[in-house]
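Trainee: I would like to understand how the words used for a structure are justified. Could we go through some of them together?

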Amino acid sequence: MSDRAYPAYRWFVLFVLVFVTVAQGVVLIWPAPLLEQIAKHYAMSLGAATGALMVAFTLFVTLGAVVGGFCCDRFGWVPTLIVSVVLLSLSTLLVPLFGNGFGTLVLARILEGAGAGPIMASVGAVSVEWFSHEERGIVMGVQGMGVSLGIALGFVFVPMAFVKTGSFLAAASWMSAFPIVGVLLLAVIAFGRKPPVKAARQVAAEAAGGGHEFAVAAKLPVFYMGLLCVFFLSWVMQAFNDLTPVYLSAPSPLGAGHGVLLAGKFMGLVQVSFMIGSVASGFLLTKVFKEKNKLVVGLGFIGAAVFSISVRSPLVYGNLGILPVCLVLVGFFQGMVIPTTLAFIAMHFPSNIVGKMTGIWMGVGIFGGTAGVVVGATLLHKTGLYHASIAAVSLVALCGFLFSLFLNPPEIFRNSVKGERGLALGGH
């Protein structure tokens, strides 16, 4: 790889991608620390407020990711993200205006979700335009870290803004600073250096034989294997994060009896290790597993399965020396899966369909999180204990491992991907 083909400017591009990812994470989570105040203000139950505000965002992230993926391939990822992040900025900045009624506040969350969705779909297009084949796993991993980092920053800055302003609506509005800065950074890229492999993408698209690659890809079994890997990891991650804090804090026999404060610290470890696992996945994929995506994805699912169910054991939850280690490993192995699965798209499919595929895999796959919460809550209701719910998380991770075994590069696209790599490295 030569610096002439892939200039150092690409790391600034990655920084901007991570920043807008952080921004959408902050916007995603802003209601969570303020739900008690929101519910009281609108005279409604905490559960109803939580469900409406968070589910509305999630549903339209899904739609935004699918539409955004197609737009990235059709119009380019920079204009697509400028439009989406402007929408994210305005809908968050104007939350005080939307907040006159709960229905209009839900509308603001819908607009925020629609603006956030394309950000998750854009990582594939960024990686194929600016980064070598070997670096694309690293790009996916670093962006995966940005999601968790944005949520963590939201939990820090939203309460601070609420204390400062005394209004949950104003506190939300302050969070628009993140996407606004993101728009400015994207404008720099729009008027800055052009992608080094743009010519390769254009040649590949022109030689595509009428643009039928996506139709071909959608008929391949591996298309659905990858989507299911994202779906199952979303299930595992959301269910574990939803169930485990209460399990760790609740008194025996319902839980481990460590109390709310200690349980919160433990779950903070899970989030930090998730970010580390996301970043590490790219290096493991390239340096250790020699670009064999299914080995990294499979390892992530196996590790998540083993260490998730371990917290049920008295030998683990009763030992404050072992329990944090197991929780760190849960987060680390979970963090490896989605970035490596998305890297599979960027590494083994034609560049002119990477946006569509990334958007669909992320957009549809995120519904796994909803399924995980519903199944976990149902098992808890039926049994009155967390043991069955946690066992279900581990079982689903094992299902993900089985599907990961079929993540084999499609032979039908092997020559076209090799051709794009040759064009990219041939200079410009």
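Mentor: We will take the terms one by one, keeping in mind that this is a predicted model.

Trainee: What makes the pair H7 and H16 oblique to each other?

Mentor: Helix H7, residues 136-165, and helix H16, residues 323-348, pack at an angle of about 140 degrees, with their axes 8 Å apart. Angles over 145 degrees count as roughly antiparallel and those from 65 to 115 as roughly perpendicular, and the angle of about 140 degrees belongs to neither group, so H7 and H16 are called oblique. Their crossing is, in addition, right-handed.

Trainee: Which residues make the contact between H7 and H16, and how do they divide into nonpolar, polar and charged?

Mentor: From H7 come Arg-136, Gly-137, Met-140 and Gly-141, while H16 brings Pro-339, Leu-342, Ala-343, Ala-346 and Met-347. These residues divide into 6 nonpolar, 2 polar and 1 charged, where Gly counts as polar and Arg as charged.

Trainee: How do you know that the radius of gyration of the protein chain agrees with that of a compact globule?

Mentor: For 428 residues, a compact globule would have a radius of gyration near 22 Å, and the protein chain has 21 Å, so the two values agree. The C-alpha atoms fill a box of roughly 65 × 50 × 35 Å along the principal axes.

Trainee: How many residues of the protein chain count as buried?

Mentor: Of the 428 residues, 54% count as buried, the cut-off being under 20% relative accessible area.

Trainee: What helices and strands does the protein chain have?

Mentor: The protein chain has 20 helices and 0 strands.

How values were computed:
Residues numbered from 1 in each chain as written. Predicted model: local features only at pLDDT ≥ 70, side-chain atom pairs only at ≥ 80, totals over all residues. Heavy atoms only, no water. Axes fitted to C-alpha atoms, helices over the stretch in contact; angles between N-to-C directions. Helix = DSSP H or I, 4+ residues; strand = E, 2+ residues; numbered from the N terminus. Parallel < 35°, antiparallel > 145°, perpendicular 65-115°, else oblique. Left-handed = near helix turned anticlockwise from the far one by under 90°. Contact = heavy atoms within 4.5 Å. Rg over C-alpha atoms; globule rule 2.2 N^0.38 Å. Buried < 20%, exposed > 50% of the residue type's maximum accessible area, 1.4 Å probe, protein only.
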